[in-house]
Amino acid sequence: LQNDIDDHRFGSDDTEIKLALVRSYLTSYSTALAGKFKLWYIDAFAGTGSRTIRHSARLGDFITAEDTPEWIERRPGSARIALDVRPKFDRITLMDAKPRHVAALEGLKAEYPGRDIEIVSGDCNRFIQNEIARANWAGLRAALFLDPYGMEVEWQTLVDIAKTKAIDVWYLFSLEGLYRNAAHDINDVDPKKRAALTKLLGTDAWEQELYSVHNAPGDMFDETPVEERRRNHDVAGLEDYVTRRLRTIFPMVLEPYALPVARKPQRFSLYCMIANDDPKAIGLARRIGDHILKAGR
Ligand SMILES: C[S@@+](CC[C@H](N)C(=O)[O-])C[C@H]1O[C@@H](n2cnc3c(N)ncnc32)[C@H](O)[C@@H]1O
């Protein structure tokens, strides 16, 4: 049984909500644009195509006399969801860095003969920056899902996506990754964390923008106050900072959807943003995205 569970277990109801939002967007997107453009779906962190949920065993009670053994449920992940969207995407690219996940994606592809599906193994940042950003975008539009576990998406990748002016993006941003690395005291941010933050945010100005000097009182022998630099943004402030950064490169970034829902601390911000600066494309994406995110709230 263990082998049968392809070990791609993650998430909770929040995963369900995230995937439901993306599924609704993809369906409205392809309904609005099919026939007008060639449509491409790109899943940069595709996983295996499905996810498994382990339901614990339950002892029978006076309503259900029988004991229920542990059972495993398999639900579609983002890749399969996109393959099943109607009208169909003309082309689908599924990427993952983990060889076992790539093998599962090849298996998924085999289930959809006749569809134009490309499986890419390796770091999606490289493929997006080297290949996708250089595609010929005439008559082509894409929806791209960035669903990492943590801080894997490089800022340069977002810059290159924005430059295409043809991609709508859903980005699950790890706010938790940001506040864990951007520690309260700047002295706790070691060089590795600094480099990761700069790669994530696309600038080293975060250090000036997120931290300010506090004068801690001197000790009883030395009256000179000790200079300390501490983060001056709380979790909500950090999210606003990220939104402002994203708005420097994308013509439209909707207010993010907080995950988990109604539980603190917030761990992720789900962003819907579009690269196209045509007012008609912005209007359409805003209508679809606003409607879906509001319904989700
Ligand atoms: C949260 S899971 C994706 C879940 C998937 N979207 C779904 O709905 O089933 C993140 C995936 O990203 C993969 N991954 C991690 N770093 C990566 C990278 N740099 N490039 C591509 N894939 C990566 C992991 O192997 C994992 O399968």
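A polar contact, as I use the term this morning, is a pair of N or O atoms within 3.5 Å. Please keep that cut-off in mind, colleagues, as we turn to the ligand. The model before you is a predicted one.

In the side chain of Asp147, an N or O atom sits 2.7 Å from a nitrogen atom of the ligand, so this pair falls within the 3.5 Å limit of a polar contact. Asp123 also faces a ligand nitrogen atom, with a polar side-chain atom at 3.0 Å. For His101, the partner on the ligand is an oxygen atom, and the distance to an N or O atom of the His101 side chain is 2.8 Å. How much of the ligand does the protein bury? Taken alone, the ligand exposes 610 Å², and 92% of that is buried by the protein.

Let me now describe the surroundings of the ligand. The shell consists of 19 residues, and the closest are Ser78, Asp96, His101, Asp123 and Asp147. Sorted by class, the shell holds eight nonpolar, six polar and five charged residues.

I move next to the helices. Helix α1, residues 13-33, and helix α10, residues 279-296, have axes that come within 10 Å of each other and cross at roughly 150°. Because of that angle, α1 is roughly antiparallel to α10. The handedness of the crossing between α1 and α10 is right-handed.

Finally, I should like to address the backbone. Most peptide bonds are trans, and most residues other than glycine have a negative phi. Where, then, is a cis peptide bond with omega of about 0°? That bond joins Leu259 and Pro260, and Pro260 lies in the loop between β11 (257-259) and β12 (268-274). A cis bond also runs from Lys264 to Pro265, with omega near -5°; Pro265, too, is placed in the loop between β11 and β12. As for phi, Lys165 is not a glycine, yet its phi is positive, at about 55°. Lys165 belongs to the loop between α5 (155-164) and β7 (167-174).

Thank you for your attention.

Technical notes. Residues are numbered from 1 along each chain as its sequence is written. This is a predicted model: local features need pLDDT of at least 70, side-chain atom pairs count only at pLDDT 80 or more; totals for chains, interfaces and linings use all residues. Side-chain values use heavy atoms; hydrogens and water are left out. A residue is near a molecule or strand if one of its heavy atoms lies within 4 Å of it. A polar contact is a pair of N or O atoms within 3.5 Å; within protein, one must be able to donate a hydrogen and the other to accept it, and residues adjacent in sequence count only if both atoms are side-chain atoms. Accessible areas come from the Shrake-Rupley method with a 1.4 Å probe; for residues, only the protein chains shown count as cover. Ala, Val, Leu, Ile, Met, Phe, Trp, Tyr, Cys and Pro count as nonpolar, Asp, Glu, Lys and Arg as charged, and the others, Gly among them, as polar. Axes are lines fitted to C-alpha atoms, for helices over the stretch in contact, and angles run from 0 to 180 degrees between N-to-C directions. Helices (H or I, at least four residues) and strands (E, at least two) are DSSP runs, numbered from the N terminus. Angles under 35 degrees count as roughly parallel, over 145 as roughly antiparallel, 65 to 115 as roughly perpendicular and the rest as oblique. A crossing is left-handed if the near helix is turned anticlockwise from the far one by less than a right angle, and right-handed if clockwise.
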